[in-house]
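This report examines two topics in a protein structure: its cysteines and its internal empty space. Please look at the sequence and the model before reading on.

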Amino acid sequence: MLNELPIDKRLERKMARISIAPMIDITDRHFRYFCRLLTKKSVLYTEMITSSAIVHGDRNKLLDFDPFEKPIALQIAGCDKKEIAEAVKIAEEWDYDEINLNVGCPSDRVSGNQMGAALMAYPEAVAEIIQAMKNETNKPITVKHRIGIDGTNVLPDSLNKVVFDKYEDLEYFVKVLSQAGVEHFIIHARIAILEGLSPKENREIPPLRYEEVYKIKQAFPRLFIEINGGIKTIEAIREHLHYVDGVMLGRAAYENPFLLTKVDQFADGGKVNNISRREIIEGLIKYVERFGDDRKTGQQALKNVIGLFHNKRGSRLWRQIITPPWAENESVKYILKKALSVLPEEVLDERN
């Protein structure tokens with residue numbers, strides 16, 4: 001149990017890492033820019049991008065980012081080691097700080113193509129993918145995965161077993177990938193059920209098993225172990241960092257983004273970002289000015305900032321103001337200035 005595990009001095013050394021998880025339809029370049037206004041030290045992630053999309057799709061649209069977003073990691077999903085290696089080679093031009101392999105997505109569309117969490121059933125094949133990726137870049141290669149999977153009725157019958165949910169399976173997976181050169185693992189502390197649950201349900205129904213992630217850190221003390229799953233408060237971050245090296249925040253960063261102003265205190269040399277919601281909105285105004293009369297892009301930029309006033313007076317008004325449809329003559333800049341003029345001043349000017 002948690003209170004039986006030894007507590008190291010990681011917090012005292014200020015060597016922890018906080019990151020914002022890759023989230024489909026959320027962590028686009030607009031949301032990442034918004035996050036960087038809130039946190040200066042956290043590592044930001046792209047949405048999951050398939051290797052096929054990078055190789056065959058609109059690379060600029062998929063891979064472009066503002067330097068302001070750095071440090072930033074590219075998350076790639078795929079199962080063909082040659083195609084993934086090609087995608088990594090292509091992405092070199094964009095100078096991401098890290099390349100992350102998705103071995104955790106439980107979506108049937110992803111796992112049905114033997115990508116995402118389904119790859120946990122094939123640790124040796126994942127190791128080959130990692131080696132192919134490392135041949136194309138000197139950037140850190142990290143892996144985000146679950147503590148296990150239930151692949152009943154989904155994975156091929158040729159496998160000896162379709163349920164990989166014991167701690168021993170997780171330890172073997174990490175061992176094989178570490179031997180392939182992975183030094184940093186981001187572990188979602190739930191199994192992924194590959195049939196019968198939606199991605200949302202897979203974030204909620206399988207129970208959290210944090211102790212198994214802690215045990216991985218004990219078993220592999222030289223590896224950098226980052227924990228993910230159900231972490232929503234500063235107190236929870238602080239508790240986890242007694243046992244692991246980093247914390248990845250998921251939905252909490254979208255639902256309660258102002259929380260991110262407090263997380264830099266855990267980073268090496270970091271401190272709380274003493275910024276107000278007013279200053280954040282002013283930063284968004286400068287950002288949307290880039291789009292001029294392009295209201296479609298401006299609306300996209302505001303799509304995922306609705307949680308800025310989470311549990312605060314004015315939260316409903318904020319959502320109403322920034323949510324389309326807007327009047328024909330209202331620009332995105334006007335909408336944000338309107339918000340500054342009507343929202344409660346004590347909440348706008350609140351700081352940590």
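The sections below describe the basis of the model, then the cysteines, then the cavity.

## Basis of the model

The model is predicted: local features need pLDDT of at least 70, side-chain atom pairs count only at pLDDT 80 or more, and totals for chains, interfaces and linings use all residues. Residues are numbered from 1 along each chain as its sequence is written, and side-chain values use heavy atoms, with hydrogens and water left out.

## Cysteines

A disulfide is a covalent bond between the sulfur atoms of two cysteines. Here it is counted as a pair of cysteine sulfur atoms within 2.5 Å, and the structure holds zero of them. Cys-79 is in no disulfide, and its nearest cysteine sulfur belongs to Cys-105, 13 Å away.

Cys-79 is partly exposed, with a relative accessible area of 39%, whereas Cys-105 is buried at 15%. Buried means under 20% relative accessible area, exposed over 50%, and partly exposed in between (1.4 Å probe, protein chains only).

## The cavity

A cavity is a set of points, on a 1 Å grid over the protein atoms alone, where a 1.4 Å probe fits but cannot get out; lining residues have an atom within 4 Å of a point. The structure holds one cavity of 30 Å³ or more, and the largest has a volume of about 30 Å³, this being the space filled by probe spheres set on the points.

Its lining consists of Ile-20, Ala-21, Thr-27, Phe-31, Arg-32, Cys-35, Leu-44 and Tyr-45.

Key: 1 Å grid on protein atoms, 1.4 Å probe; cavity = no way out; pocket = protein on both sides within 12 Å on 5 of 7 lines; lining within 4 Å.
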